[in-house]
Structure formats: C-alpha cells, structure tokens
Amino acid sequence: MKPSETIRAYLRADGGVGVRNYVAVMPTVACANDVAERIAEGIQGARPLLHHQGCGQLQSDLIQVERTLIGLATNGNVGAVILVSLGCEGVNVDRVYAAIEQIGRPVSRVNIQDLGGSRRAIWRGRVACRAMVAACRRVRRTTVGLDRLIVGIKCGASDMTSGLASNPAVGKMVDALVARGGTVIVGETTEFLGAEHLLVRRATTPGVARAIRRITKAMQQRALAAGGDMLGGQPSQGNIEGGITTIEEKSLGAVSKAGTATIQGVLEYAERPAGSGLYLMDGPGFEPQALTGLVAAGAQVLVFSTGRGAPQGFPLAPVVKVSGNPTTCRHLRAHIDVDVSEVLARGSAVPAAGQRILAAVCAAASGKVMRAERAGYDRTLDIYTRGPFV
Amino acid sequence: MRQDRQPVLLVIDPKDNVAVALRDLAPGTEVRLSIRGRVRRISVLERIPVNHKLAIARIRRGAAVVKYGEPIGEATTTIRPGSHVHIHNLQSRRVRPRKQ
C-alpha cells in the first residue's frame with residue numbers, strides 16, 4: 001500500500017482541517033461531567049469530553065486547563081462545541097467561550113446553576129447538540145494535501161520490540177510526513193531524558209536547544225523534589241536482561257519514534273505549533289494526559305507505538321496503533337492497526353514499515369475507522385496539571 | 001560451520017557499529033549482513049542472546065558504540081567484530097555507574 005499524497009478532510013473556518021466531524025460536549029469542570037455525558041448520550045457524532053479538572057486548582061493549573069479546553073474545542077476534528085458549565089468553577093468560562101468563538105467554531109453554553117439544575121441543562125444541551133450534529137453533517141470532505149495534517153506521536157506499553165521495530169518505523173513515517181510539509185508533535189519529556197544531548201543537536205535554533213535542556217532538567221528536578229529519580233537505576237535490570245546497556249540506548253529507542261527531522265520548537269502542554277515540521281511537547285508520558293495534550297495542540301491523527309499492546313484510542317481523533325511484537329499482533333489483533341513485526345521476524349527494512357504506517361495515517365485521515373474507534377475503546381481523556389488540588 | 005540464510009541481525013542505521021540479534025546466536029555461527037547493498041560475513045565469537053548487541057566492526061577502547069546512528073556510550077575495551085556488546089564492555093557517557 002503506497003501512502004497517498006492527499007487526504008479527504010473537512011475544511012474549517014479558521015483555515016484548519018479536520019479528519020473527523022464531531023460535536024464536542026465539553027464540561028468546563030469535572031462537576032459538570034454527568035450533565036455533559038447525558039447531553040451526548042445516544043446522539044451519533046456527539047462526543048462527551050469528560051475530565052477531572054477545572055476547579056480547586058492553582059491559577060497556573062487553571063490556565064493550563066483553559067488552554068487545553070480551548071485547544072480541544074478548536075481542534076480541526078471538532079465541528080461545533082457545547083460548553084457545559086456548573087456556574088461556579090475556577091475555570092474562566094467566559095474566556096474559554098470567547099476564544100472558541102473567535103476562532104469561528106460554532107459554540108453554545110449550558111450553565112447548570114443558571115438553568116435551575118441538571119434536568120433543564122440536559123434538555124437544553126440535547127436540543128443544541130442535535131441541531132449542531134445536523135449542521136455538521138452538511139459539511140463534506142474535500143481533498144487537501146498532507147501539509148494540512150498534524151500528527152501526534154505516543155508510545156505506551158513498550159517492550160524490547162518498541163525500540164527496535166515500531167518506534168523506528170514510526171520515526172520513518174514522521175520523516176516522510178515532515179518531508180511532505182506536515183506537522184508532527186512528540187510529547188513525553190520523560191523519554192527525552194538520557195537522549196536530550198542528541199535532541200539538542202537537531203534543534204533549529206540555539207533557543208530551541210536551550211528549551212530542550214530546560215524542560216528535561218525541570219522534569220528531572222520535579223522527580224527529585226518528589227523523592228524520585230528519573231535517571232538513577234536506568235536502564236532497569238529488566239532492560240539490561242533484554243539487551244539494553246545504557247540510558248542513551250534506552251532513550252534513543254524511545255525517541256527514535258520522532259525520526260530524524262530538525263526540531264522546530266518546544267511546545268507547552270496543549271500549545272499549538274506555530275508552523276509545520278517536527279515539534280516536541282513538554283508533557284507527561286501517562287497515556288490519557290499525553291494524548292489529550294497532543295490533540296489540544298491540534299493533532300488530528302495520533303500514531304501510537306506499542307509493544308505489549310495498549311488498546312486505547314481518544315474521543316476526538318483516530319489512533320493508528322502500531323506494534324512490532326508478533327505475539328501482541330496476534331493476541332491483541334482487534335487493537336492493532338499496523339503490524340510491523342516483520343522487522344524483527346525477517347530483519348526487513350524499517351523504511352518499508354514506515355511507508356505502511358504513513359499509508360494507514362492517510363487512510364485514517366480520510367475517514368477509515370481505526371481499531372480503537374471500532375471497539376469504542378476511545379472515551380478517556382485527562383488534562384495534565386502539575387500543582388496540588390486545593 | 002553453520003550458514004544462516006534467514007537474516008538474523010538487524011542493523012537499525014547504516015552508521016551503526018553494532019547490530020541486534022534477532023534470535024539467540026551460538027559461537028561459530030557465520031552471519032550475513034547487508035548494509036547499503038553490500039553483503040558482509042561476520043563470525044559470531046560468543047553467545048549472543050536475542051535482542052542483544054553484536055559488534056559488526058572493530059570498536060577501539062574509548063570509541064563510541066553507535067546504534068540508531070547515534071553514540072549510545074563508549075567501549076571500555078577494544079571490541080572485535082562478532083563480540084557481544086553489553087555492560088561488560090560498554091558504558092554510558094551520560095550516567096556513570098556509582099563508585100563502590
């Protein structure tokens with residue numbers, strides 16, 4: 001299968017494109033989750049974006065939550081938004097609403113306290129939701145280039161095959177997409193540790209190099225402050241038995257999924273990249289939080305490399321699941337989209353596997369249903385914050 | 001001497017001086033290696049467990065061991081092609097083991 005040079009996507013008013021066409025039913029605080037879930041219930045095309053944040057947090061975290069909510073709502077895969085607010089939350093709902101409206105995304109508000117409780121809020125929300133879904137259905141896909149695509153990269157449930165097969169193959173896909181003018185975001189600051197001196201050499205400017213050093217150092221310091229150590233005891237005894245000798249080797253196996261392109265910038269969690277090419281995002285490795293950050297930064301498609309088999313998708317974006325572990329590809333067949341186990345079974349070329357991943361990304365972007373979508377294993381979302389709940 | 005037809009080594013990047021064993025390799029095994037179309041033969045000098053590294057070039061003491069096209073540490077002794085490369089002859093340049 002040859003990757004296509006174009007995809008069929010939805011054009012949005014702000015100039016972005018979407019590969020899905022959802023109505024996002026978005027609580028601005030965890031306290032509105034129940035109402036948001038009921039608003040979206042049974043309405044095809046509506047996605048409830050339940051999360052656990054939005055109040056009782058430090059101001060810096062609330063700002064990060066707002067940025068994430070705005071980013072999710074204005075992702076190209078979202079055709080319209082319903083903000084479900086309790087009414088007294090820490091998140092500034094006016095600010096979130098204004099930012100979404102400014103980008104030209106149809107947005108409607110439901111305030112539970114103003115409306116006199118959950119019953120009226122659910123009723124009002126469902127009326128708005130049905131109208132928005134109908135309006136979204138009228139939008140048709142058009143042909144656009146791969147330069148309009150933003151792909152987020154993640155790996156999880158990793159094993160020896162991740163660093164040898166699926167991550168390098170994903171890296172080839174990244175290089176191919178960047179060469180076609182596309183944008184790629186790689187998160188997980190934890191994984192850069194040990195290979196940051198090598199990433200620094202790929203930075204486009206000294207400022208970007210400094211940012212890579214800054215975020216990895218800060219990650220290590222946060223771990224030390226909490227009584228942990230990100231570098232000590234690495235690689236683990238299990239890694240050593242598996243054949244990994246040094247932290248550089250382990251980290252290179254992880255960052256090989258970022259390919260070899262020049263690094264254009266370092267993004268805050270959920271921050272939109274300013275241009276095209278390869279970007280790093282300062283964020284956690286924890287799957288739901290990592291995927292949320294990537295999609296809030298604008299990724300319309302996620303590529304997820306796994307060894308032992310991580311089945312999860314994401315509510316707003318198709319996930320292309322890649323594995324190089326032959327046992328996982330057989331045993332968890334229903335959850336793996338691209339099987340690259342031939343790299344280790346036959347020593348076959350990693351670039352060919354990368355081309356197959358790019359072809360799968362193009363197919364997913366043009367509407368092909370991915371395994372996590374088919375399984376309905378795609379409801380979880382979580383916003384990364386650093387401070388305590390207060 | 002046994003001749004393996006199926007590829008048994010994975011070279012991730014053409015710049016690498018180590019390859020990954022795709023299965024357990026016994027000493028004396030003759031392995032074929034194709035890099036950028038050039039085929040080479042290497043004789044395995046010691047047992048290499050699956051997924052472990054095998055030197056495919058001579059690596060001098062203090063020189064970089066290269067995998068993924070990047071240095072993953074340095075050789076603590078001169079390593080001959082066909083040797084097992086692991087904690088006994090490769091150390092990180094980033095995190096040195098603590099002195100006892």
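Which are the buried residues of α10(A)? They are Ile247(A), Glu248(A), Glu249(A), Lys250(A), Ser251(A), Leu252(A), Gly253(A), Ala254(A) and Val255(A). The legends below start from this helix in a predicted model and then move on to the sheet, the domains and the partner chain.

**View 1. Helix α10 of chain A among its surroundings.** This close-up covers residues 247-255 of chain A, the span of helix α10. Here 9 of the 9 residues are buried, so the helix is largely enclosed by the rest of the structure. Look out for the charged names in the list: Glu248(A), Glu249(A) and Lys250(A) are among the buried residues.

**View 2. The open sheet of chain A.** Seven strands come together here in an open sheet with parallel pairing, and their order is β10-β11-β9-β8-β12-β13-β14. The edges are taken by β10 and β14 (338-339) of chain A; each has a single partner strand, so one side of each is left without a neighbour in the sheet.

**View 3. Strand β10 at the edge of the sheet.** Although β10(A) stands at an edge, this strand (residues 263-267) is mostly covered, with 5 of its 5 residues buried. Its pairing with strand β11 (residues 277-281) of chain A is parallel and extends over 4 bridges. To find your place in this pair, start from Leu267(A), whose bridge partner in β11(A) is Met281(A).

**View 4. Strand β9 and its two neighbours.** Four residues of strand β9 (residues 183-186) of chain A are shown: Thr183(A) and Ile185(A) point one way, Val184(A) and Val186(A) point the other way, and all are buried. In a regular strand the side chains alternate between the two faces of the sheet. On one flank, β9(A) runs parallel to β11(A), joined to this strand by 4 bridges, and Val184(A) has Leu278(A) as its bridge partner there. Strand β8 (residues 150-156) of chain A is also parallel to β9(A), again with 4 bridges, and Ile150(A) stands opposite Thr183(A). Between β8(A) and β9(A) the chain passes through helix α5 (residues 160-179) of chain A, making a right-handed β-α-β crossover.

**View 5. Strands β8 and β12 with helix α11.** A run of 6 bridges links β8(A) to strand β12 (residues 301-306) of chain A in the parallel sense. Within this pair, Cys155(A) has Ser305(A) as its bridge partner in β12(A). Helix α11 (residues 287-296) of chain A lies across β8, β9, β11 and β12 of chain A, and runs at about 170 degrees to β8(A).

**View 6. Where the two domains of chain A touch.** Chain A is divided into domain 1 (22-137) and domain 2 (145-375), and the C-alpha centres of these domains are 29 Å apart. Their contact takes 13 residues from domain 1 and 12 residues from domain 2. On the domain 1 side, β3 (22-27) and α2 (59-73) of chain A are the elements that give two or more residues, and α2(A) gives the most, with 5 residues. The domain 1 side is made up of 5 nonpolar, 6 polar and 2 charged residues.

**View 7. Where chain B meets chain A.** In this view, 24 residues of chain B are in contact with 20 residues of chain A. The chain B side draws at least two residues from each of β1 (9-10), β7 (70-75) and β9 (90-91) of chain B. Strand β7(B) gives the most, with 4 residues. By type, the chain B side divides into 13 nonpolar, 7 polar and 4 charged residues.

Conventions: Residues are numbered from 1 along each chain as its sequence is written. Chains are lettered from A and ligands numbered from 1 in the order in which they are written. This is a predicted model: local features need pLDDT of at least 70, side-chain atom pairs count only at pLDDT 80 or more; totals for chains, interfaces and linings use all residues. Domain bounds come from an automatic or database domain assignment. Two residues are in contact if their C-beta atoms, placed from the backbone, lie within 7 Å. Ala, Val, Leu, Ile, Met, Phe, Trp, Tyr, Cys and Pro count as nonpolar, Asp, Glu, Lys and Arg as charged, and the others, Gly among them, as polar. A residue is buried if 20 or more other C-beta atoms lie within 10 Å of its own, exposed if 12 or fewer, and partly exposed in between; C-beta atoms are placed from the backbone. Two strands pair if DSSP finds at least two bridges between them. A crossover is right-handed if, with the strands pointing away from the viewer, the path from the first strand over the helix to the second runs clockwise. Axes are lines fitted to C-alpha atoms, for helices over the stretch in contact, and angles run from 0 to 180 degrees between N-to-C directions.
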